[in-house]
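Thank you all for making the time this morning. I would like to go through one model with you, beginning with its overall layout and then turning to its core and its charged pairs.

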Amino acid sequence: MKKVLYLAALLLCMAFTACEKEEIGGTSAESLAGEWYVYGNIVDNGQVVEDPYGIGRFTIMTYSTAANTANEIWIDDVSNFWNFKIKATADANGLTFSASSASNQRGDEITVNVTNGKIIKNGGKQNNGSPADYITMDVEFSDNPGTIFRLEGIRYSGLVEND
């Protein structure tokens with residue numbers, strides 16, 4: 001009977017040991033990745049014209065490429081603005097990114113320039129007043145040369161109260 005109890009205790013210990021969680025690491029560009037609520041403003045002679053097309057707030061995504069390196073990310077408007085998806089050069093530590101004549105991977109065969117791209121930790125506010133990461137970038141499309149769009153906004157929180 002003692003052998004059966006020892007065996008049962010041993011099996012029980014092995015079962016709990018086998019259920020340990022493994023920590024899953026993030027991607028190399030994780031600090032730049034996110035879903036963002038932004039506005040598409042225009043920069044005209046240094047002045048910002050807010051939402052000139054009346055689009056309002058829309059979603060863009062930034063995420064790691066398949067290469068999983070800290071020096072490139074995807075910028076994707078998820079067909080909400082100009083129907084673009086491009087690879088940008090990134091600095092995950094400095095929270096900056098840019099692109100020069102990046103080929104559009106969705107929609108029209110255009111190129112896209114991104115300048116002044118950066119993320120500011122806790123640089124914005126959610127609707128409920130809590131701090132949020134802030135993103136900003138100046139974007140120029142080859143099919144509308146000379147027009148600089150400033151996409152800027154905050155990281156999506158996932159909370160209904162902030163939608």
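Reading from the N terminus, the elements of the protein chain run α-β-β-β-β-β-β-β-β-β, that is, 1 helix and 9 strands. Please keep in mind throughout that this is a predicted model. Of the 163 residues in the chain, 35% are buried, and the accessible surface comes to about 9,800 Å², with 52% of that area belonging to carbon and sulfur atoms. If we take the contacts with a separation of 6 or more, 44% of them are between residues 24 or more positions apart.

Let me turn to the interior. The largest nonpolar core has 29 residues, and those with the most contacts inside it are Ile 75, Phe 97, Val 114 and Met 137. Among the elements that give two or more residues to this core are strand 1 (34-44), strand 4 (72-76), strand 6 (96-103) and strand 7 (111-125), while strand 8 provides the largest share, 4 residues. What does Ile 75 touch, once we leave aside its neighbours within four places in sequence? Ile 75 is in contact with Phe 97, Val 114 and Met 137, and its partners also include Met 61, Phe 84, Ile 86 and Ala 88, together with Thr 62 and Lys 85.

Now to the charged pairs, of which a search of the whole structure finds 4 that qualify as salt bridges. Asp 133 forms one of them with Lys 121, with 3.4 Å between the closest N and O atoms; because Asp 133 lies in strand 8 and Lys 121 in strand 7, this pair ties together parts that are 12 residues apart in sequence. Asp 133 also forms a salt bridge with Arg 155, where the closest N and O atoms are 3.1 Å apart, and since Arg 155 lies in strand 9, that pair ties strand 8 to a part 22 residues away in sequence. Lys 121, Asp 133 and Arg 155 are thus linked in a network of salt bridges.

Which members of that network are buried? Asp 133 and Arg 155 are both buried, Asp 133 having a relative accessible area of 11%, whereas Lys 121 is partly exposed at 43%.

A further salt bridge joins the side chains of Arg 150 and Asp 138, at 2.7 Å from N to O, and it links strand 9, which holds Arg 150, with strand 8, which holds Asp 138, across 12 residues. Here Asp 138 is buried, with a relative accessible area of 8%, while Arg 150, at 21%, counts as partly exposed.

Terms used
Residues numbered from 1 in each chain as written. Predicted model: local features only at pLDDT ≥ 70, side-chain atom pairs only at ≥ 80, totals over all residues. Heavy atoms only, no water. Buried < 20%, exposed > 50% of the residue type's maximum accessible area, 1.4 Å probe, protein only. Contact = heavy atoms within 4.5 Å. Areas by Shrake-Rupley, 256 points an atom, 1.4 Å probe, with all protein chains shown as cover. Core = buried A, V, L, I, M, F, W, Y, C linked by side-chain atoms within 4.5 Å.
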